[in-house]
Amino acid sequence: MAAQRTAEGKSPASAVDTLSRAAAASGIAAQTLKTDPAANVRGAAALIAAIQRETGAPVGAETDPAQWYEAAATASGLAEVSAQTRFADDLLTDLRQGMTVRDGDTTFTVAPQRVGTPAGRAKVTGRGAAAKKPSAPIDAPAGLGVEWVPAPYEQYGPDPGDYGNHDLAFRPRSPQLTHVVIHDTECSYELGLQLVTDPTYLAWNYTIRASDGHIAQHLQTKDVGWHAGNWYLNMHSVGLEHEGYAAQGYRWYSEAMYRRSARLTRHLCTTYGIPMDRAHIIGHDQVPGTKTASIKGMHWDPGPFWDWERYFTLMGAPLSQGTIGRRPTAGEVVRILPGFDGNVQTVEGCDGTCVEPGDHGTNFVPLRTAPDASAALVADPGLKAGPSTTKVSDIGARATAGTEYVVAQVQGDWTAVWYLGEIGWFHNPTHSPTARVVRGRRTVTPKAAIAPVYGTAYPEASAYADPADVQPISPLIYTMKAGQSYVLSDDDVPADYYRAKTFSPDTPGDHINTVGRTKYYQVNLGHRVAFVQAADVVIE
């Protein structure tokens with residue numbers, strides 16, 4: 001997110017207060033329930049038990065979990081009946097299958113249990129919640145309980161360009177929707193809502209609260225939010241902001257947040273035809289700069305503590321799907337899959353909020369200049385001169401879970417991949433691999449000595465009706481070199497530019513999407529995605 005402010009705002013009036021009810025039922029102070037995961041579980045159990053007694057249902061230890069269905073649904077605090085029943089359904093499924101979840105530094109494990117068929121589903125009426133109907137066209141799966149908190153489209157000055165905080169458009173008809181961008185807010189949920197409703201700030205599509213995964217929608221999906229820091233990606237993406245701070249994501253990215261966000265992302269992908277892979281569901285940290293000068297200013301959220309493998313599993317699209325667990329060979333494609341909890345990498349330093357010492361799971365493997373744990377990290381010349389670092393915000397040498405690369409060499413327990421025009425080595429032992437071979441992936445190689453890469457896929461100058469609208473096609477500092485290969489992650493990239501410079505969509509010559517004939521491909525170049533022109537590469 002662009003926001004780096006820390007002031008607290010006012011809670012939305014629509015929030016359902018289950019905290020005070022849990023405090024009363026358990027006798028545990030509300031602040032302790034908020035900060036102590038174990039206390040939070042006890043408080044939730046006490047609340048469910050209190051509701052169970054109110055309904056006259058049995059509360060003995062011998063009862064089937066299915067008999068607690070109505071109480072669990074009510075205790076969810078969700079506003080809509082469909083959302084309450086989905087919550088209770090998910091809870092019983094977790095109990096049947098067993099589960100291991102994390103909340104900050106605490107891990108909870110529940111063994112599989114015998115669970116019958118609930119009889120209370122029809123009795124769930126929304127009691128205990130502020131039942132309401134959506135006040136706007138919510139774009140979300142049924143039962144998710146999304147709240148409408150609209151971002152303002154307002155003119156705040158005399159010039160036609162003095163407006164905020166997004167642009168009206170006609171998506172997915174034009175421009176096409178191709179990506180989902182995962183952000184974190186770098187502020188509280190309350191402040192995030194203040195910012196997105198400020199016409200002088202900027203807007204994104206959804207905000208997800210950490211404590212319970214509650215979702216607020218701010219834009220109709222047809223319109224363009226200003227969230228990615230790259231206008232081409234803004235045109236083609238939906239932005240999801242998650243409450244939290246990237247440097248302490250292990251304290252903010254809750255199981256409830258992952259679950260509800262994953263359901264929303266799956267809905268967006270299936271509705272708009274967005275591929276459910278790590279080339280199209282990307283972090284803000286994977287958005288490229290539009291030109292070399294803008295690379296340093298690009299963001300790095302949601303950071304090293306966002307569990308991509310868990311997220312995709314919750315979407316029903318596990319990242320291990322389509323992979324083979326064997327030793328790779330040169331020329332093959334591998335997908336980075338290091339696991340999360342046991343993948344403790346060195347992450348240090350401060351950027352806003354400090355990383356706390358401890359064994360925190362991470363979502364990446366570091367890339368080095370040689371097959372040696374003491375070798376320097378590879379460099380990202382777009383970010384800085386010299387080797388990358390272990391600073392929390394330095395993404396230069398990080399190959400993140402789910403991303404795919406072409407193998408350049410293999411030496412013992414080390415694998416080298418083509419990365420930002422060079423070779424990067426990561427530890428990939430046969431007995432505990434951190435990457436898996438991917439079947440059937442196509443790759444691209446340069447036709448000449450080098451192939452330029454781009455941060456946008458704008459059309460050629462001749463495509464524009466007005467020469468004043470022409471957008472520069474500016475190569476980035478990176479290049480593909482002869483003999484190198486990179487994974488082709490999309491061979492149908494729109495070559496277009498959506499012009500939206502003035503407040504009113506009725507302004508002649510504005511709110512027009514110019515489509516060109518230049519053929520682009522999307523590739524996995526380094527930590528970030530990039531685009532190449534088809535004329536410069538060969539598909540293999």
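These are questions and replies on how features of this predicted model get their names.

Me: What makes a local feature or a side-chain atom pair count here?
Reply: This is a predicted model, so local features need pLDDT of at least 70 and side-chain atom pairs pLDDT 80 or more, while totals for chains, interfaces and linings use all residues. Residues are numbered from 1 along each chain as its sequence is written, and side-chain values use heavy atoms, with hydrogens and water left out.

Me: Why are strand 7 and strand 11 called a pair?
Reply: Two strands pair if DSSP finds at least two bridges between them. Strands themselves are DSSP runs (E, at least two residues), and helices are runs of H or I with at least four residues; both are numbered from the N terminus. Six bridges join strand 7 (residues 179–184) to strand 11 (residues 237–242). Six meets the cut-off of at least two, so they pair. The two run parallel. Val180 stands opposite Val238 in strand 11.

Me: What is the order of the sheet with strand 7, and which strands are its edges?
Reply: The order is 3-9-8-11-7-12, six strands in an open sheet with mixed pairing. Strand 3 (147–148) and strand 12 (281–283) are the edge strands, as each pairs on one side only.

Me: How do you know that helix 9 packs on this sheet?
Reply: By contact, which means heavy atoms within 4.5 Å. Helix 9 (residues 255–272) touches strand 7, strand 8 (206–208), strand 9 (215–217), strand 11 and strand 12. The direction of helix 9 makes about 175° with that of strand 11. Such angles run from 0 to 180 degrees between N-to-C directions, with axes fitted to C-alpha atoms, for helices over the stretch in contact.

Me: What makes the pairing antiparallel in the sheet of order 13-22-14-19-20-21?
Reply: Strands of a sheet pair through backbone hydrogen bonds, either parallel or antiparallel. This open sheet of six strands is antiparallel. Strand 13 and strand 22 (residues 435–438) pair in that sense over two bridges, with Ile324 opposite Val437. Strand 14 and strand 22 have four bridges, also antiparallel; here Arg335 stands opposite Arg436. Three antiparallel bridges join strand 14 (residues 333–336) to strand 19 (residues 404–411). Val334 has Tyr405 as its bridge partner, and Val333 stands opposite Val406. The edges are strand 13 (323–324) and strand 21 (422–427).

Me: What lies between strand 19 and strand 20 in their hairpin?
Reply: Two residues lie between the strands, and Gly412 takes a positive phi near 60°. Strand 19 and strand 20 (residues 414–419) pair over four antiparallel bridges. The bridge partner of Gln411 is Trp414.

Me: Why is the pair of Tyr458 and Tyr497 called edge-to-face?
Reply: Rings of Phe, Tyr and Trp (its six-membered ring) pair if their centres lie within 6.5 Å; planes under 30 degrees apart are stacked, over 60 edge-to-face, and the rest tilted. Tyr458 and Tyr497 are 5.5 Å centre to centre, with 90° between the planes. The distance is within 6.5 Å and the angle over 60, so the name fits. Tyr458 lies in the loop between strand 24 (450–454) and strand 25, and Tyr497 in strand 27 (residues 496–499), so the pair ties together parts that are 39 residues apart in sequence. The structure holds 20 aromatic pairs.

Me: What makes a space a cavity and not a pocket?
Reply: On a 1 Å grid over the protein atoms alone, a cavity is a set of points where a 1.4 Å probe fits but cannot get out. A pocket is an open set with protein on both sides within 12 Å along at least five of seven lines. There are two cavities of 30 Å³ or more. The largest cavity holds about 110 Å³, a volume being the space filled by probe spheres set on points joined across faces, edges and corners.

Me: How do you know that a residue lines the largest cavity, and which are closest to its centre?
Reply: A lining residue has an atom within 4 Å of a point. Fifteen residues line the largest cavity, and Leu420, Tyr478, Leu525, Arg528 and Val529 are closest to its centre. Strand 25 (475–481) and strand 30 (529–533) each give two or more residues to this lining.
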